[in-house]
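Below is a walk through one predicted model, from its strands to its side-chain contacts. Please keep the sequence and the coordinates at hand while reading.

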Amino acid sequence: MKPQPNVKPVTTAPRVVSTRPPTAEERRRAQRVLLRIRVVVQVAGKASTHEGHTHTVSTSGAMLVLPEGLPEGTMVTIENPKAQSKVEARVVRPPQMSHEGSLVPVEFVSPSPNFWGIFFPPATN
């Protein structure tokens, strides 16, 4: 058997572990979907309602577009008139203004993965 000249064993490079903080998308508990659905929002303890629509939805809440903002911590009932269903939610951050109105982020008080009437594929993180 003839020796192989100048052949070095194959080595793999050490795996580098990233220490960067996770992005907002990686931190999310639920996948978001752009979906415009008409909603009626009633603030707890008040008789008046706010009509608006969704900007994005997830299994745990939504970003709502309403004519006026609601303060963080406000408890609301969201009605999906098309599905004829309601769910309790809480405003999780102060609203932001957009060209469409106030963007109001809400989170369901209890899990309601079927409230929006769409299928959410499992997360692939």
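Is Ser-98 buried, partly exposed or exposed? Ser-98 counts as partly exposed because its relative accessibility is 24%, where buried means under 20% relative accessible area, exposed over 50% and partly exposed in between, with a 1.4 Å probe and protein chains only. The model is predicted, so local features need pLDDT of at least 70 and side-chain atom pairs count only at pLDDT 80 or more, while totals for chains, interfaces and linings use all residues. Residues are numbered from 1 along each chain as its sequence is written, and side-chain values use heavy atoms, with hydrogens and water left out.

The protein chain has one helix and eight strands. Helices (H or I, at least four residues) and strands (E, at least two) are DSSP runs, numbered from the N terminus. Read from the N terminus, the order of elements is α-β-β-β-β-β-β-β-β. The protein chain has 125 residues, of which 31% count as buried. Its exposed area is about 9,200 Å², with 55% supplied by carbon and sulfur atoms; accessible areas come from the Shrake-Rupley method with a 1.4 Å probe, and for residues only the protein chains shown count as cover. Contact means heavy atoms within 4.5 Å. Among the contacts in the protein chain with a separation of 6 or more, 51% are between residues 24 or more positions apart.

Ser-98 sits in the loop between strand 7 (96–97) and strand 8. A polar atom of the Ser-98 side chain lies 3.1 Å from the backbone nitrogen of Glu-100. Ser-98 and Val-65 are 33 residues apart in sequence, and their C-alpha atoms are 8.6 Å apart in space. Strand 7 and strand 8 run antiparallel and are joined by two bridges; two strands pair if DSSP finds at least two bridges between them. Met-97 has Ser-102 in strand 8 as its bridge partner. The hairpin of these strands has four residues between them, and Gly-101 takes a positive phi near 150° there.

Strand 8 also pairs with strands elsewhere in the chain. With strand 4 the pairing is antiparallel over six bridges, and Val-65 has Leu-103 in strand 8 as its bridge partner. With strand 6 the pairing is antiparallel over three bridges. Here Val-91 is the bridge partner of Val-106, and Arg-90 stands opposite Glu-107. Strand 8 is mostly covered, with six of its seven residues buried.

Strand 6 in turn is joined to strand 5 by six bridges, and the two run antiparallel. Ile-78 stands opposite Val-87 in strand 6. Four residues lie between the strands of this hairpin, where Gln-84 takes a positive phi near 50°.

Which residues have the most contacts inside the largest nonpolar core? They are Leu-64, Leu-70, Ile-78, Val-106 and Trp-116, in a core of 20 residues. The elements that give two or more residues to this core are strand 2 (38–43), strand 4 (61–66), strand 5 (75–80), strand 6 (85–91) and strand 8 (102–108). A nonpolar core is a set of buried Ala, Val, Leu, Ile, Met, Phe, Trp, Tyr and Cys residues joined through side-chain atoms within 4.5 Å. Leaving out residues up to four places away in sequence, Val-106 touches nine residues' worth of neighbours listed as Ser-60, Gly-61, Ala-62, Leu-64, Ile-78, Ala-89, Arg-90, Val-91 and Val-92.His-53 gives a view of strand 3 (residues 49–58), where it is placed. His-53 counts as buried because its relative accessibility is 12%. The His-53 side chain makes a polar contact of 3.1 Å with the side chain of Glu-100. A polar contact is a pair of N or O atoms within 3.5 Å; within protein, one must be able to donate a hydrogen and the other to accept it, and residues adjacent in sequence count only if both atoms are side-chain atoms. Beyond its neighbours within four places in sequence, His-53 is in contact with residues including Arg-36, Val-39, Met-63, Val-65 and Glu-100.

The aromatic rings come last. Rings of Phe, Tyr and Trp (its six-membered ring) pair if their centres lie within 6.5 Å; planes under 30 degrees apart count as stacked, over 60 as edge-to-face and the rest as tilted. This rule gives three aromatic pairs. Phe-108 and Phe-115 are edge-to-face because their ring centres are 5.7 Å apart and their planes stand at 75°. Phe-115 also forms an edge-to-face pair with Trp-116, at 4.8 Å centre to centre and 75° between the planes. Ring pairs thus link Phe-108, Phe-115 and Trp-116 into a cluster. Phe-108 counts as buried at 7% relative accessibility, Phe-115 counts as buried at 7%, and Trp-116 is buried with a relative accessible area of 4%.
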